[in-house]
Amino acid sequence: MAEKKKKEFTLRKLVFNDKYLIISSIILAVIIWIATSMNLSPLTTKTLTVPLNVDLKGSAADQLGLKCYGDSALDIEVTVSCKKYLARDLKEDNINVSLQTNAITTNGFLDVPINVTTDSTDYQIESYYPTTYHAFFDVEDSKVMDVSVNYPQDNYVEEGYVMGEPLLSESTVTLTGPQTYIANVYDVVADVRFSELLTETKTVDLDLKPIDAYGNKVDYISINEGGDAVSVTIPVLKHTKLDVTTSLANKPTGLTSDFQVTYDVTQVNAGVLEDANIKSANIGTIDYSQLTVGENTFTFNVQELESIVVLDNIKTITATVTVPDTYTTKTLSVNTGNVVVTNAPDGYKYSVEGLSSYEVTVVGMEGSIEQVEAGNISIVVDLASVDDDEASLGVNSYKALLSIDGSNTCWVYGEYLVNVNLYE
């Protein structure tokens, strides 16, 4: 069988082939349509919201020490014109917004121009708002001020309770802000109010406000920046009436009863913690070393008693301890041989150089006091409070504790010092 002769391909055959001609025409038409649409596409506009972060780092303002006291960021509404077919691909990333920071060269309120550009010539900026950034610029300053707390309400506590002295967590605060405004701060204040009357102690954080001399708030001021909030604790105490008492310390073990104590004020109106179970107003301690035969008078400040607030208008109460005349006194001569030094600092030596008095007064009942001799007097100096690393070399005076060996009904009256020489 004879081979079929291969058909030859020629351009003429392609051109006059209806099938290929139709396909080619369609493709060419599409290309022409796209090109024409792009060139003749109508213009349109699109509005985008672009964030602007305020940053003066590396600017002239930064070198001048000026800080910005305004919004750290703001939104810019930008309207862009472009071909309609490009609008759908336009994003915020195509828009560049920035501050013209070289305009910031002085302190005060400034309107800094905002620059807006695009990353392509296919987009044109039609308008944007705002066109300037309004803020205050100044050198930063700081100062420390006391805190003032106002209590505008007439009453804070329920009937039968009293309000104690409020306690601040911090009595001073550090203000930071523009130098011009810092100079105008006259006081730092906070108002404390409660929606209901209190029956227990309350602690609240304070909303502190810097004000000028006319009571107006001073703007742009930070208080204790980065620190804890300042709070106030308001003690709420139960109103009660208490008998006045004192404590007698270092009573000789052989004495069976205390001496009579009288007071110029026997009862006080007081505020106490409701759960503290306080039954009396103990105004202080009296040591037996402070007592001699006869009347011994002591005055105590009652404005700062622990756990008790005296509500009466009195500052002091006087206590009188009477040692009856069945007791007598005796003076004995002592010397440095009566002194015992304990708890000397490590690495130090010592020597006793003298006494503030070489005569001591002993108090006791007749009969027992006659048996007390100078050799019974023990004078102890405890150096435990002297720091090993900070001991003062040389001669120093230390308070001594005196006791009587062999007697449990007598005591030594008065205060005595011992001169001790510390050396290495």
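In the predicted model, strand E29 makes the greatest contribution to the lining of the largest pocket, supplying four residues. This pocket has a volume of about 560 Å³, and of the 22 residues that line it, those closest to its centre are Asn250, Asp287, Ser289, Leu401 and Leu402. Strand E29, which spans 401-404, is joined by strand E30 in that each of them supplies at least two residues of the lining.

The protein as a whole contains five helices and 31 strands. Of its 424 residues, 34% are buried, and the accessible surface comes to about 26,300 Å², of which carbon and sulfur atoms account for 47%. Among the contacts with a sequence separation of 6 or more, 76% are made by residues that lie 24 or more positions apart.

Strand E30, noted above for its part in the pocket lining, also belongs to an open sheet of three strands, arranged in the order E23-E26-E30 with antiparallel pairing. The edges of this sheet are formed by strand E23 (327-333) and strand E30 (411-413), each of which pairs on one side only, and the twist from one strand to the next averages 40°. Within the sheet, E23 and strand E26 (residues 359-365) are paired in the antiparallel sense over seven bridges, and lysine 330 is placed opposite valine 362 in E26.

Antiparallel pairing is also found around strand E22 (residues 316-323), which pairs with strand E17 (residues 260-263) over four bridges; here glutamine 260 stands opposite threonine 322 in E22. Strand E22 further pairs with E20, again in the antiparallel sense, over eight bridges, and in this pairing asparagine 296 has valine 321 of E22 as its bridge partner.

Threonine 292 is located in the loop that connects strand E19 (280-287) with strand E20 (294-301). When residues up to four places away in sequence are set aside, threonine 292 touches Val323, Thr329, Val363 and Tyr413. These partners can be placed on the strands already described: Val323 falls within the residue range of E22, Thr329 within that of E23, Val363 within that of E26, and Tyr413 within that of E30. The relative accessible area of threonine 292 is 19%, and because the limit for a buried residue is under 20%, threonine 292 counts as buried.

A second threonine, at position 180, is placed in helix H5 (residues 179-182). Its relative accessibility is 38%, and because this value lies between the 20% and 50% limits, threonine 180 is classed as partly exposed. Leaving aside residues up to four places away in sequence, threonine 180 touches Asn107, Phe136 and Asp138. For aspartate 138, which is 42 residues from threonine 180 along the chain, the separation between the two C-alpha atoms is 7.3 Å.

Several loops carry backbone features that deserve separate mention. The peptide bond leading from tyrosine 129 to proline 130 is cis, with omega near -5°, and proline 130 itself is found in the loop between strand E6 (124-129) and strand E7 (132-150). Asparagine 224, although not a glycine, has a positive phi of about 50°; this residue lies in the loop between strand E14 (222-223) and strand E15 (231-234). A positive phi, near 55°, is likewise found at asparagine 343, a residue other than glycine, in the loop between strand E24 (339-342) and strand E25 (349-355).

The two asparagines are nevertheless assigned to separate accessibility classes. Asparagine 224 has a relative accessible area of 14% and is therefore buried, the limit being under 20%, whereas asparagine 343, with a relative accessible area of 48%, is partly exposed, since only values over 50% count as exposed.

Note on methods
Residues are numbered from 1 along each chain as its sequence is written. This is a predicted model: local features need pLDDT of at least 70, side-chain atom pairs count only at pLDDT 80 or more; totals for chains, interfaces and linings use all residues. Side-chain values use heavy atoms; hydrogens and water are left out. Buried means under 20% relative accessible area, exposed over 50%, partly exposed in between (1.4 Å probe, protein chains only). Contact means heavy atoms within 4.5 Å. Two strands pair if DSSP finds at least two bridges between them. Axes are lines fitted to C-alpha atoms, for helices over the stretch in contact, and angles run from 0 to 180 degrees between N-to-C directions. Accessible areas come from the Shrake-Rupley method with a 1.4 Å probe; for residues, only the protein chains shown count as cover. On a 1 Å grid over the protein atoms alone, a cavity is a set of points where a 1.4 Å probe fits but cannot get out, and a pocket is an open set with protein on both sides within 12 Å along at least five of seven lines; lining residues have an atom within 4 Å of a point. Grid points are joined across faces, edges and corners, and a volume is the space filled by probe spheres set on the points.
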